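Reader: I should like to go through this structure with you. Could we begin with a pair of packed helices and then turn to other topics?
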Amino acid sequence: MAGFQLKIATQHGEKVAEEFGFNQFPIRPREIAKARDIVIQAKPAEVKGVSGAIVFAGDSATIIYSTEYGNKGFENFSIAHELGHWFLPGHPEEIVKGGGAHMSRAHFTQNTSIELEADHFASGLLLPSHLTRKLLSNNQIGLDGILKLAETAHCSITAAAIRAAECGAYPMAIIVSRGDEIAYAFTSESFKNLGKLAFLRKGAPLPVGATRGFNADAANVMRAASSFSLIRNPRPPHREDHRAAPHWSKPSRYSRICQGR
Ligand SMILES: [Zn+2]
């Protein structure tokens, strides 16, 4: 998908935050949904692996979000992602048009593009660039600033880290690893401009060193997760997993199941 379209989706999220009167952190997606008469429901705890869904019914909609990670930032991002499907041009039409069949076309064409757009919308909504830049400039560059951003904006650490790399002037690379592999990586434009640096691909082996050694012991990961809630937000950004409609949502022509970050 063209980066330009994703940038437009991010800007659309920022615009919606502003239109609903949010000129400081945190932006509250629940209030935006309420103002549009969109019902928000928590997903039953026994349904795992789906971060959210939107169900269109006539002129209204219901957003369903997951509480299984117990991470408010993750929930906010999921709700904001679903709002993207409501606000972004063409999304409601595509979801309605797609009927139930769209969920089985995993990782293909249009489905993937609207998921990417909704993720970028959510990022712009919860982390408008001017507020993000302001906060980052008042805090230490690096993890401390990212943690402060996540805490202030009520979003996940992953979302804050990626947005910090997008908005900050300082070269930044966000690298997420699992075990001895790279799960995904995101580099800022200023980082890319540094010169000939290796492009980190998903599945590439982690070099032997501190991080690989740290990951080798599950107890380390669990301890860090409990400190930073990182394990509660295990999904890579922009990844979508389309599944059959779960039993808690009547199979609907107008629903969309989503996974966010
Ligand atoms: Zn989605």
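Author: Certainly. In this predicted model, Gly84, His85 and Trp86 of helix H3 meet His91, Pro92 and Ile95 of helix H4.

Reader: What classes of residue make up the contact of H3 with H4?
Author: The contact has three nonpolar and three polar residues, and no charged residues.

Reader: And at what angle do H3 and H4 pack?
Author: Helix H3, residues 72-87, and helix H4, residues 91-98, pack at an angle of about 90 degrees, and their axes are 5 Å apart. Angles of 65 to 115 degrees count as roughly perpendicular, and H3 and H4 are therefore roughly perpendicular to each other.

Reader: Let us change topic. Which residues touch the most other members of the largest nonpolar core?
Author: They are Leu125, Leu126, Ala160 and Ala164, in a core of 51 residues. Helix H8, residues 157-167, gives the most to this core, with eight residues.

Reader: What is Ala164 in contact with, leaving aside its neighbours within four places in sequence?
Author: Ala164 is then in contact with Leu136, Gly145, Ile146, Leu149 and Met172.

Reader: Leu136 belongs to H6, I believe. Which residues of H6 are buried?
Author: In helix H6, residues 129-137, the buried residues are Leu131, Thr132, Leu135 and Leu136. Seen down the axis of H6, they fall within an arc of 130 degrees, so they line one face of the helix.

Reader: Is there a general reason why such spacing works?
Author: An α-helix has 3.6 residues a turn, so residues three or four places apart point the same way.

Reader: What do the buried residues of H6 pack against, and which exposed residues are on the face turned away?
Author: The buried residues pack against H8 and helix H7, residues 143-153. The face turned away from the buried side carries the exposed residues His130 and Ser137.

Reader: Now the backbone. Where is His154, and what is its phi?
Author: His154 is found in the loop between H7 and H8. Its phi is near 55 degrees, a positive value in a residue other than glycine.

Reader: What about Asp37: buried or exposed?
Author: Asp37 has 9 C-beta neighbours inside 10 Å, so it counts as exposed. Asp37 lies in the loop between H2 and strand E1, and has a positive phi of about 60 degrees although it is not a glycine.

Reader: Finally, which peptide bond is cis?
Author: The bond from Phe25 to Pro26 is cis, with omega near -5 degrees. Pro26 is found in the loop between helices H1 and H2.

Key:
Residues numbered from 1 in each chain as written. Predicted model: local features only at pLDDT ≥ 70, side-chain atom pairs only at ≥ 80, totals over all residues. Core = buried A, V, L, I, M, F, W, Y, C linked by C-beta atoms within 7 Å. Buried ≥ 20, exposed ≤ 12 C-beta atoms within 10 Å, placed from the backbone. Helix = DSSP H or I, 4+ residues; strand = E, 2+ residues; numbered from the N terminus. Contact = placed C-beta atoms within 7 Å. Arc of directions from axis to C-beta. Axes fitted to C-alpha atoms, helices over the stretch in contact; angles between N-to-C directions. Parallel < 35°, antiparallel > 145°, perpendicular 65-115°, else oblique. Nonpolar A, V, L, I, M, F, W, Y, C, P; charged D, E, K, R; others polar.
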